[in-house]
Amino acid sequence: LGIQKIAFLGSTLTPSTVPGLFTTTSVNTDTSTIIKLISSMSAAEFSTFVQNILAVYFANTNSTVLPTSFIIPYDDYLGLMTPVSSTYPNIPKLNYLEQAFKAICGPNFKILPNAYGTPANNAIAGLNKHVYCLLRYDPESIRMDIPVDYTTTQPNSVNNFTFQDVAYGQYTGVGFYRALETLLFTF
């Protein structure tokens with residue numbers, strides 16, 4: 001869980017050298033496209049959101065690529081099974097949103113929930129807001145390495161009663177090789 005936290009929130013000790021996906025200063029942040037939870041949007045607001053979000057991302061990439069993933073805070077993701085509107089009570093917002101993204105971005109597009117996108121879980125990094133992320137999941141675009149996996153040495157006892165052990169590992173922050181292919185949304 002520690003590595004997962006670093007991946008999204010970066011290091012709290014050295015945030016400038018070990019940035020996280022949600023705490024980096026390398027990518028653009030949009031504060032006007034998503035101004036409330038998607039699950040709480042009215043039918044008209046939801047329709048406008050679906051119409052605009054990919055256009056905002058495409059403009060951010062200088063009209064070069066489309067995203068492959070949309071990361072949503074867990075509290076909003078869990079509420080997306082509400083109907084799109086009273087006219088279509090059998091179509092949940094999550095299904096509609098996923099179909100819209102897949103129709104334009106391709107059949108492998110994914111909507112992913114994330115606990116670190118909620119204010120309660122990202123306040124430790126100084127965000128204290130909802131964070132959404134549209135990105136191109138591609139190692140040529142964004143990447144985090146773990147060159148040395150968590151490794152423990154042989155446990156041993158000095159007094160034949162208390163055991164001691166040493167462990168080591170190595171990781172990097174999130175690297176953005178094509179920063180314009182990642183766009184954060186906050187409110």
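A disulfide, for this presentation, is a pair of cysteine sulfur atoms within 2.5 Å. In general terms, it is a covalent bond between the sulfur atoms of two cysteines. With that criterion, a search of the whole structure returns zero disulfides. Cys105 is unpaired because its sulfur lies 13 Å from the closest cysteine sulfur, in Cys133, too far for a bond. Cys133 is likewise in no disulfide. Cys133 is also buried, at a relative accessible area of 0%; buried means under 20% relative accessible area, exposed over 50%, and partly exposed in between, with a 1.4 Å probe and protein chains only.

Let me state the basis of these values. The model is predicted, so local features need pLDDT of at least 70 and side-chain atom pairs count only at pLDDT 80 or more, while totals for chains, interfaces and linings use all residues. Residues are numbered from 1 along each chain as its sequence is written, and side-chain values use heavy atoms, with hydrogens and water left out.

I turn to the overall architecture. The protein has five helices and eleven strands; these are DSSP runs, helices being H or I of at least four residues and strands E of at least two, numbered from the N terminus. Its C-alpha atoms fill a box of roughly 75 × 35 × 30 Å along the principal axes. Of the 187 residues, 39% are buried. Taking contact as heavy atoms within 4.5 Å, 70% of the contacts between residues at least 6 apart in sequence join residues at least 24 apart.

Next, the interior. A nonpolar core is a set of buried Ala, Val, Leu, Ile, Met, Phe, Trp, Tyr and Cys residues joined through side-chain atoms within 4.5 Å. The largest one has 23 residues, of which Phe49, Phe70 and Phe101 touch the most other members. Helix 2, strand 2, helix 4 (93-105), strand 4 and strand 11 (182-186) each supply at least two residues of this core. Helix 2 gives the largest share, six residues. Beyond its neighbours within four places in sequence, Phe101 is in contact with Ile53, Leu54, Phe70, Gly106, Phe109, Ile111 and Leu134. A second, separate core of 16 residues includes Ala7, Leu21, Leu135 and Leu184.

Ala7 brings us to helix 1. Which residues of helix 1 are buried? In this helix, residues 2-9, they are Ile6, Ala7, Phe8 and Leu9. Their cover includes strand 2 (69-73), strand 3 (110-114) and helix 5 (119-122). Gly10 follows helix 1 and has a positive phi, near 75°.

Two loop residues deserve attention. Thr61 sits between helix 2 (43-60) and strand 2. Is Thr61 buried or exposed? Thr61 is buried, because its relative accessible area is 4%. Outside its neighbours within four places in sequence, Thr61 is in contact with Leu180 and Glu181. Ser141, in the loop between strand 4 (131-135) and strand 5, is buried at 0% relative accessible area. With neighbours within four places again set aside, Ser141 is in contact with Arg136, Gly175, Phe176, Tyr177, Arg178 and Glu181.

Finally, a third loop residue: Ile146 lies between strand 5 (142-143) and strand 6 (148-152). Ile146 is partly exposed, since its relative accessible area is 43%. Thank you for your attention.
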